[in-house]
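This note sets out several local features for a colleague's consideration. The points are numbered and may be read independently.

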Amino acid sequence: MEKMRSYFRQSFARQFILLVASFFIIFVVGATALSMYQATLVTSFEKKKNQIEMKMKYAQEIEQAFNQAFSDARGYLAFNRKEFKLSIFREQENAQTGLDALELAATTKDDKQFILKARQFASYYFGDLVPEAIEAFESGNIQKVLSLSENGGTASIEQFQFQMKTYKQSLNDQLDGAFRQLSKEQQIAQTAFIVFVFLMLFLLAAIARIMTKKIGAPLRALAHMAEKIANDEQVHNNDVIHTAREDEIGKLAQAFRKMLMSIQEKEESLMAHNEELLAQQDELEVQQAELEQALEAMQARERELERYNDFIQGLSNSLDRQEVLHSIVFNMARVMEADRGMIVLMNEQKTYAAFGLSPYGVEQFLTYVYNGLHQRLFEQKKPFVLKREVAASEKGYHEETMFVHDVFLPVLSNESKVQAILVFSRFGGPFSDEEVHEYVGLTKQISISLQKMELYEQTEQARETVQHILNTVQEGIHFVDRDGNSVIVNKQMADLLQKETIAELGGASYEQWARGLIEQSDAGKTLCDYLRAIIFNGDEEREPFVYHLPQKRKVIQVYAKPLYRNGERQGTVFVHRDITKEFEVDQMKSEFVSTVSHELRTPLSSVLGFTELMLTKELKPERQKKYLTTIYQEAKRLTALINDFLDVQRMESGKQTYDKKYEDLVSIIENVIETQKVNTTIHQFRLQKETDKTTVLGDRDKLAQVFTNLISNAIKYSPDGGNITVRIYERGNRLCVDVQDEGLGIPEEALPHLFTKFYRVDNSDRRRIGGTGLGLAIVKEIVKAHEGEVAVTSELKKGSTFTISFPLVVMARSREDERDIDDKQAHAHVIIVEDDENLAALLEAELKDSGFRVKLVKEGKEAIELIQKEKPDAVVLDIMLEEHDVSGWDVLKELKQNEELAHIPIIISSALEEREKGMALGANSYLVKPYQPSQLSKTILQMLLNKERQGEIFVPLNEEAN
Amino acid sequence: MAKILLAEDEEVLRMLVVDTLEDEGHDIDEACDGEEAINMIKQNDYDLILLDYMMPIYTGLEVIQQVRQMPDKKHVKIMMLSAKSQQADQQRVLDAGADYFMAKPYSPLELVQRIEAILHGEDA
């Protein structure tokens, strides 16, 4: 029960449904009861009515039956008709039936009384009267029949009829009464219905009222409260009613209260928040003000930076000095909004660039750059601004007074030195302090730019120097990075790589640069492997590699050194060294050793062998002599071999000294022929002298060796004898000697090797021709040392001709046929300082021949005096002079210290090999004795010509002036 | 008595070897150069051939090569006499087909001893 109540209490809708449902149940029950009552009324009335009407019908039938029976009885008796007598008894039955039915329907006392009376009458009438009357009548006793009717018959009939009538009347009264009762009861029912309707209406009104009271009022209250809240009026949460209710309203009210509470709470927190916000806003306002200030500063800075950036962007990125300077001036002027300006570097050249200036102005500025206004810059190292009246030249067509503002800016280097100065002029307006400050910032940029440029120039110079150094090195140098790209290469290397220029190899990849080298090398694959292993695998331990370039006939040794920077391998330096000479020398050396060993062992074999035989065997005296002779000859041969060998060695290594003098070749040759004649009987010797100029400058003994070798060869290689002709003749400026034999001749293929050491011609003759195999090599060396040449022509079986040529020595003034001589040369005056009279005479003759005027002097002091007096065009100076206190060196020093004489060219002519010293002291040329006299003429002439060419004033001392 | 060829361009050395071997009773032929030696080898059957290394026309080495090409001379005994006494030279000679090698300067007695040993089938 309690549950049920709470169930309804919780939901307003449920309460409403309950109310409405109750109302309907009451309404339906009421209405049903009323209508059932109504229906009962009608039914009971109908039933009563039917009963009464049945009773009336039965009463009627009874009455009829009796009345018929009366009439029949009268008829029968009157008319004696038998049918009537039958009908009487039929009617008796009908009356009896009617009475039975009526008895069944009888409900009231009246009915029962009537039925009793009727039955009594029927029993009297039909049982007594009628049968007596009929018997009487049939008996013809009419009197008796009459007596019976008069003695009561008629009276009882009449009484019964009256009773009948009364009953019938009572039945009618009964019907009327029922009807009246019905009407009365219906009236009551109607009244009850109306009452019911009113009652229902009242109930409905009550429900409506309840609902209104239950929903409307609280809702209104809540709405009112909500309105109050909306209108922001003060509402306490305790004001919220109906919160105790459990239904929706209660919930609504509670929710509302909660809402209110939460709103209030929120409002409080919002209020707090709002206060906070307000505080923050204040703070923000302050900050905004600060930010605005900062923004302004930023914008100013931005403008500055923009100009700065503009300036830097405008600066030429070039490394060309002039271009950079020009871009500096131009951009500075743009940034400054200056009308003209100039930059000058404080270097020796005063490199500058100007903008809007006349060349005259520029020149003026440059001229007074160290003593003009800007002197202040050098002292203070700070910029300054000048305001001055515009000069007339600057004013153009303006007449009124104008002002121009000049700003002077120093560009300071890292060491705070004034590196450059900038001057700019503005006609438009003054330069503010901020602007000038900003320009100072820009000058720092300029300083960086200038330093960069300078650095680049230095680097470039250094690079060039390095490249020059590399190019002067004889080895091919090649720096290759770790990827095999060519980085640095010198000229020699470029040649090796078959490139025209170094530039072609700039950054060339391995494939690009290596191909040229590998293609021409004999060991392409191995060389390629070698290079690759070092470059790409960092195989640093590799031994130097040697390869040949067959086309260039070169042998190259390459070695590699890794290059490290900060411990990291940067690449590899390859050095390709031309070792052709070393290689050849090496090869020759080993061949030489092998050959020498063979050549020495052969005579040694004989000497040892025969000695052994003589020591161990009993030999006949003839054989002993033969063996001893052989031993002696072989030992001699061994000696000759060793001598020749040593000679060759000495000559080849340049250690052979030649005691050169002017010798007559004819006498040398005559001596040789005399000596050689002894060795042969089958040869005829002839000497043909076709010129008188048979003097040569040479070593007599060595020249004799040359001819000995040639003539002994001629003898040896013409084993069948014949003429051996020596011919001396002049050819051009050479003195030639032919040595001709009529012997075996030399096969053509042997000719190129003839002068090679130990080379021997294979002879078809098959006879071994003794010798060391060094004779011609020695000839060649000696002739070479005498500035001579040796050549050979030969025909097999007919003989060979060896021709030796020496420079022609002209002893006498017999050179009328000399080529045309320059006029200047004819007048040029030469003083010869020489203590060797012969040599002096020779030189004098030579120089006079060449058209110089010559004076001889023997001593140092004398020489200086003469030179001072004569001021010659050239001096030929010997160093070792007779008078030991004044040497040639002293003369040279003396002359060079004297301003008047210092310009006179000096040719040192000395046996001392001290060229460096001589040149250092100021000599112009140094001839080492012995030299060809003609060389002296040539040197002097060359010197005088050079002097003229160099633009020095050459005053010929002509005959008249002398 | 054996038939021996000596090819040597130096006359004195020929004399030395010929004298020594003739004293031992051998029959010696002489050749002055490689070509002569080859011709003589073709024409004769030698028990032993002594070859100098450095000879005109054909060197001793070339002679050996040519002789070894000859069908009937594949097994003829050859001794090389050479001043080129280095190991490599010696090896080259033996590789070319020489059976024996003697370096100059050699002792004639030693030479005789070796030749006797070779001729008596001892490997000297």
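1. Does A:Q498 count as buried, partly exposed or exposed, and at what relative accessibility? The model is a predicted one, and in it A:Q498 has 44% relative accessibility. Since the range between 20% and 50% is the intermediate class, A:Q498 therefore counts as partly exposed. The residue sits in the loop between α12 (491-496) and α13 of chain A. Its phi is near 60°, a positive value in a residue other than glycine.

2. A second positive phi belongs to A:N566, at about 55°, although A:N566 is not a glycine. This residue is placed in the loop between β9 (554-565) and β10 (568-578) of chain A. A:N566 counts as exposed because its relative accessibility is 78%, and the class begins over 50%. As background to this point and the next, most residues other than glycine have a negative phi, and most peptide bonds are trans.

3. Two cis peptide bonds deserve a check by eye. In chain A, the bond joining A:K929 and A:P930 is cis, with omega about -5°; A:P930 belongs to the loop between β22 (925-928) and α25 (933-949). In chain B, the bond joining B:K104 and B:P105 is cis, with omega about -10°; B:P105 belongs to the loop between β5 (100-103) and α5 (108-119).

4. The next point concerns a helix pair between chains. Helix α15 (residues 580-616) of chain A and helix α1 (residues 11-23) of chain B have axes that come within 9 Å and cross at roughly 30°. Angles under 35 degrees count as roughly parallel, so α15(A) and α1(B) are roughly parallel to each other. The crossing in which α15(A) passes α1(B) is left-handed. From α15(A), the contact draws on A:T602, A:S605, A:S606, A:G609, A:F610 and A:L613; from α1(B), it draws on B:V12, B:L13, B:M15, B:L16 and B:T20. By class these are 6 nonpolar and 5 polar residues, with no charged residues.

5. Within chain A, helix α13 (residues 510-520) packs with helix α14 (residues 524-537) at an angle of about 145°, the axes being 10 Å apart. This crossing is right-handed. On the α13(A) side are A:Y510, A:E511, A:W513, A:L517 and A:I518; they meet A:G524, A:L527, A:C528, A:L531, A:R532, A:I535 and A:F536 of α14(A). The contact comprises 9 nonpolar, 1 polar and 2 charged residues.

6. A:H478 is located in strand β6 (residues 476-481) of chain A. With 0% relative accessibility, A:H478 counts as buried. Its side chain and that of A:S486 are joined by a polar contact of 3.0 Å. Leaving aside residues up to four places away in sequence, A:H478 also touches others, including A:I488, A:M493, A:T572 and A:F574. Another of the residues touched is A:W513, which is also one of the α13(A) residues that meet α14(A).

7. A:K381 occupies the loop between α9 (375-380) and β3 (384-389) of chain A. At 34% relative accessibility, A:K381 counts as partly exposed. A polar atom of its side chain lies 2.9 Å from the backbone oxygen of A:S416. A:K381 and A:L412 are 31 residues apart in sequence, yet their C-alpha atoms are 7.6 Å apart in space. Not counting residues up to four places away in sequence, A:K381 touches A:R376, A:P410, A:L412, A:S416 and A:V418.

Methods:
Residues numbered from 1 in each chain as written. Chains lettered and ligands numbered in written order. Predicted model: local features only at pLDDT ≥ 70, side-chain atom pairs only at ≥ 80, totals over all residues. Heavy atoms only, no water. Axes fitted to C-alpha atoms, helices over the stretch in contact; angles between N-to-C directions. Helix = DSSP H or I, 4+ residues; strand = E, 2+ residues; numbered from the N terminus. Parallel < 35°, antiparallel > 145°, perpendicular 65-115°, else oblique. Left-handed = near helix turned anticlockwise from the far one by under 90°. Contact = heavy atoms within 4.5 Å. Nonpolar A, V, L, I, M, F, W, Y, C, P; charged D, E, K, R; others polar. Buried < 20%, exposed > 50% of the residue type's maximum accessible area, 1.4 Å probe, protein only. Polar contact = N/O pair within 3.5 Å; in protein donor to acceptor, adjacent residues only side chain to side chain.
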